[in-house]
Amino acid sequence: MRIAVVTESFLPQVNGVTTSVLRVLETLRQRGHEAIVIAPTAPSPRHLGFAVHRVPSIPIKQFPVAMPTRAVIDAIDDFAPDVMHVAAPFLLGRQAILHGARVGIPTVAIYQTDVAGYLQRYGAGFARPVLDRLVLAIHEPATLTLAPTPSSATALRELGVPRVGVWGRGVDSELFHPRRRSSPGAQALRAQAAPDGELLIGYVGRLAPEKQVGRLSELLRMPRTRFLVVGDGPDRARLAAELPADRVTFTGRLEALELADAYAALDVFVHFGTEETFGQTIQEAQAAGLPVVAPAVGGPVHLIDQGRTGVLVDPAQPGAFREAALALAADPPRRAAMGEAARRSVVGRSWQANNALLLDAYSDAQSLVRSPAVAL
């Protein structure tokens, strides 16, 4: 097949959308498909041999938001794709989806970002009804929309989005592995962040208001505990100023083996964000054999088996994160059993298996365009 990948985020930006797109491109290359990428950022005009078309963007909270232009349509038409993969569609993605609907190109829209929830976090919750209508306007013309979890698929259907399926995310369970705990990189990071053998609790991800990493302060009164924060973003300077340097180590953004070593250095993984449609770093932590503490809303509910692979807490309950972390800190055998169960829960979710389902969805979208009566 010929696939046009239209994405609102790409390298050098690193986040869940970019990671997913990169893994999809790897699968397309391995399977012998042809592809192009249309994105607001790109360090190179080619990636894995695929042409990358960079489009104009404007920065919003340090995030480049792509602007629709005629060049987007020209790039799509020149490539003549069999299917368009539209990642986390917003302004750019909407333009691609509408063009696909006009000219008969099947479009698979990947729902990944709760824009309305994020804007509530930024103080624009009054706009939620408008934003919900925007989500419907973006996804309604798509041939097929894929949500990351059953609950997010249900939410889209309740908004009126038709033809919604579920497509989760894969995880590299060989890169993120408990055996890395003895690696020199993990040992060095642990010696830096917890020099006296303290329990090490960590977070990995973007440092932005919607991630609520500042709630780490609720755990600071835990005895013999240190904290590791991996990632970068607009909140980093504020968090570094507010959280005590003698208890919290910031590494900045890490990738590949360094990122795997960071997970391996931890004893417990914690995630505070309540607007996650999935929670990829939770899966990575689970693959690394870590018990996870996360809010009992959104994506984490579908990733964590309560009490077996992690602990889900009520984010509105004061002290809930601290109580869960304290209970794990006091019970090393439980931490070990939970981490082992967490890893077992994700080892079958390889990107290869996950993306095979995506290729099936491409075929479903082609069938829908050829015969709109096909039921999904």
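In the predicted model, Phe227 of strand S12 has Val248 as its bridge partner in S13. This pairing belongs to a parallel arrangement in which S12 and strand S13 (residues 248-252) are linked over 4 bridges. S12 is also joined to S11, again in the parallel sense, by 6 bridges; within this second pairing, Tyr203 is matched with Val229 of S12. S12 is mostly covered, with 6 of its 6 residues buried. The burial extends to both faces of the strand: Thr225, Phe227 and Val229 are buried on one side, and Arg226, Leu228 and Val230 are buried on the other. In a regular strand, side chains alternate between the two faces of the sheet.

The largest nonpolar core comprises 31 residues, and Tyr263 and Phe269 have the most contacts inside it. Two or more residues are given to this core by each of helix H7 (184-193), strand S11 (199-204), strand S12 (225-230), helix H9 (256-265), helix H10 (280-287) and strand S15 (292-295). H9 supplies the largest share, 6 residues. When residues up to four places away in sequence are not counted, Tyr263 touches Phe176, Val204, Phe269, Thr281, Glu284, Ala285, Ala288 and Leu290. Apart from this core lies another, of 29 residues, which includes Leu11, Val24, Val37 and Leu359. In soluble globular proteins, nonpolar side chains tend to be buried together.

An open sheet is formed by 8 strands in the order S3-S4-S2-S1-S7-S8-S9-S10, with mixed pairing. Strand S3 (46-47) and strand S10 (164-166) stand at the edges and have a single partner strand each, so one side of each lacks a neighbour in the sheet. Within the sheet, strand S1 (residues 2-7) and strand S2 (residues 34-39) run parallel and are joined by 5 bridges; Ile3 stands opposite Ala35 in S2. Helix H1 packs on the sheet, where it touches S1, S2, S3, strand S4 (50-54) and strand S7 (83-87), and its direction makes about 170 degrees with that of S1. Helix H2 (residues 70-79) lies across S1, S2, S4 and S7 and runs at about 180 degrees to S2.

Helix H1 (residues 16-30) also packs against helix H14 (residues 351-370), at an angle of about 80 degrees and with the axes 10 Å apart. The two helices, H1 and H14, are therefore roughly perpendicular to each other. On the H1 side, the contact is made by Ser20, Arg23, Val24, Thr27 and Leu28, and on the H14 side by Trp351, Asn355, Leu358, Leu359 and Tyr362. By residue class, the contact of H1 with H14 divides into 6 nonpolar, 3 polar and 1 charged. Val24 of H1 and Leu359 of H14, both part of this contact, are also among the residues of the 29-residue core.

A further buried position is found in helix H3 (residues 91-103), where His99 is located. His99 counts as buried because its relative accessibility is 5%, the limit for burial being under 20%. With neighbours within four places in sequence left aside, His99 is in contact with Ile73, Ile76 and Asp77.

Terms used
Residues numbered from 1 in each chain as written. Predicted model: local features only at pLDDT ≥ 70, side-chain atom pairs only at ≥ 80, totals over all residues. Heavy atoms only, no water. Core = buried A, V, L, I, M, F, W, Y, C linked by side-chain atoms within 4.5 Å. Buried < 20%, exposed > 50% of the residue type's maximum accessible area, 1.4 Å probe, protein only. Contact = heavy atoms within 4.5 Å. Axes fitted to C-alpha atoms, helices over the stretch in contact; angles between N-to-C directions. Parallel < 35°, antiparallel > 145°, perpendicular 65-115°, else oblique. Nonpolar A, V, L, I, M, F, W, Y, C, P; charged D, E, K, R; others polar. Pairing = 2+ DSSP bridges.
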